[in-house]
Amino acid sequence: MTSPHRLTLTQFLIEERRRFPHASGDFNSLILNVALACKSIARKVAFGALGAGQGDVGGAINVQGETQKEMDVVSNQVFLQVNEWCGCLAGMASEEMAEPYQIPDCYPKGKYLLVFDPLDGSSNIDVNVAVGSIFSVLRAPNGDAAVTEQDFLQAGASQVAAGYAVYGPATMLVLTVGNGVNGFTLDLELGEFMLTHPAMQVPPDTCEFAINASNSRFWEPPVKRYVDECMAGQTGGRCKDFNMRWIASMVAEAHRILMRGGVFLYPRDSKDASKPGRLRLLYEANPIGFIIEQAGGRASTGRLPVLDVKPTSLHQRIGLVFGSRNEVDRIERYHNDAQPTEMMNPLFNEHGLFRMPA
Ligand code: F6P
């Protein structure tokens, strides 16, 4: 029996480029460089405790105030080194760097910006769960001039491409160039990403939700209402049982939702007034939101489409809900139904005098 003919990522990109006869090839070269960075990180991650870089960086804290793992730093370095060379970028920004990264003068510059989280879910890397890299490609507004933070503050709707690599039992690269979503599996013998999941689609309905329930006392009433209804299952208004999942590695949750549907919530909450949400807009919410919407799902802040949000800073955090369309619509509806005072007033929170009934 002959094995099915599968396109490599390079062949897929060449076919995509045929739709744009005037394209210079820079974009394809950029995506292939990102894919190379992901292959390199996949190798490093796969060594586990046998390799270097599994521990914390001697007390180092990144710009997010989070403990940096050695693999965060190594993965960030890989992304920078592989991509600064390619001549298609005006600059880069990363979860691991406070400021935008300028392309060194020894390399040519180009018309795109690359924004990335080099190792999402890394706080769990020592327990061997799936982690991943997330990236977003934007157009550089000022050509190949030195980049500023302002250049990166573009709404998610203007992304040129977005993707993630998930380093699980198999390494996969999932990519959108604004024309649907395609999944590629790394063929370890060829060292090539092969198109294994063409035209990925998020089913519109689901019986699975993912949320960190330990934050429930900080949730706003619409989120509490939604989760309570899921938990009530068949005996409640939804008349069906739900399953709950929490991997604490968003890239792995996004991948599950792309494969079989589901809804993920890391909503705005009152846990820390300085953080209106846990996840970062530019290199987590926007790329994942673009992929999910291109696959027929939805991504929202809870109140409005996340891709419509105009960013105000490079490392801005935001509430994020994404996945099966009908569930995200429902969660947005619950937010719209709620009284604005309910959402902000501490008297209505879990310990408040006038707390909402369960
Ligand atoms: O942003 C990093 C991240 O690890 C995500 O991948 C994940 O969804 C989230 O944080 C986990 O948060 P928590 O520690 O609250 O479960």
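**View 1. R280 and the ligand.** A polar side-chain atom of R280 lies 3.0 Å from an oxygen atom of the ligand. This is a predicted model: local features need pLDDT of at least 70, side-chain atom pairs count only at pLDDT 80 or more, and totals for chains, interfaces and linings use all residues. Residues are numbered from 1 along each chain as its sequence is written, and side-chain values use heavy atoms, with hydrogens and water left out.

**View 2. N212 and M250 at the ligand.** N212 places a polar side-chain atom 3.0 Å from an oxygen atom of the ligand. M250 uses its backbone instead: an N or O atom there lies 2.7 Å from a ligand oxygen atom. On its own, the ligand has 400 Å² of accessible area (Shrake-Rupley method, 1.4 Å probe). The protein covers 85% of that area.

**View 3. The shell around the ligand.** The ligand is surrounded by 13 residues (each with a heavy atom within 4 Å of it). The closest are D120, W246, M250, Y266 and E284. The shell divides into six nonpolar, three polar and four charged residues. Here Ala, Val, Leu, Ile, Met, Phe, Trp, Tyr, Cys and Pro count as nonpolar, Asp, Glu, Lys and Arg as charged, and the others, Gly among them, as polar.

**View 4. T171 in its strand.** T171 sits in strand 8, residues 171–176 (strands are DSSP runs of E, at least two residues, numbered from the N terminus). T171 counts as buried because its relative accessibility is 12% (buried means under 20%, with a 1.4 Å probe and protein chains only). Beyond its neighbours within four places in sequence, T171 contacts A42, V166, F184, T185, L186 and F193 (heavy atoms within 4.5 Å).

Notes. Helices (H or I, at least four residues) and strands (E, at least two) are DSSP runs, numbered from the N terminus. Buried means under 20% relative accessible area, exposed over 50%, partly exposed in between (1.4 Å probe, protein chains only). A polar contact is a pair of N or O atoms within 3.5 Å; within protein, one must be able to donate a hydrogen and the other to accept it, and residues adjacent in sequence count only if both atoms are side-chain atoms.
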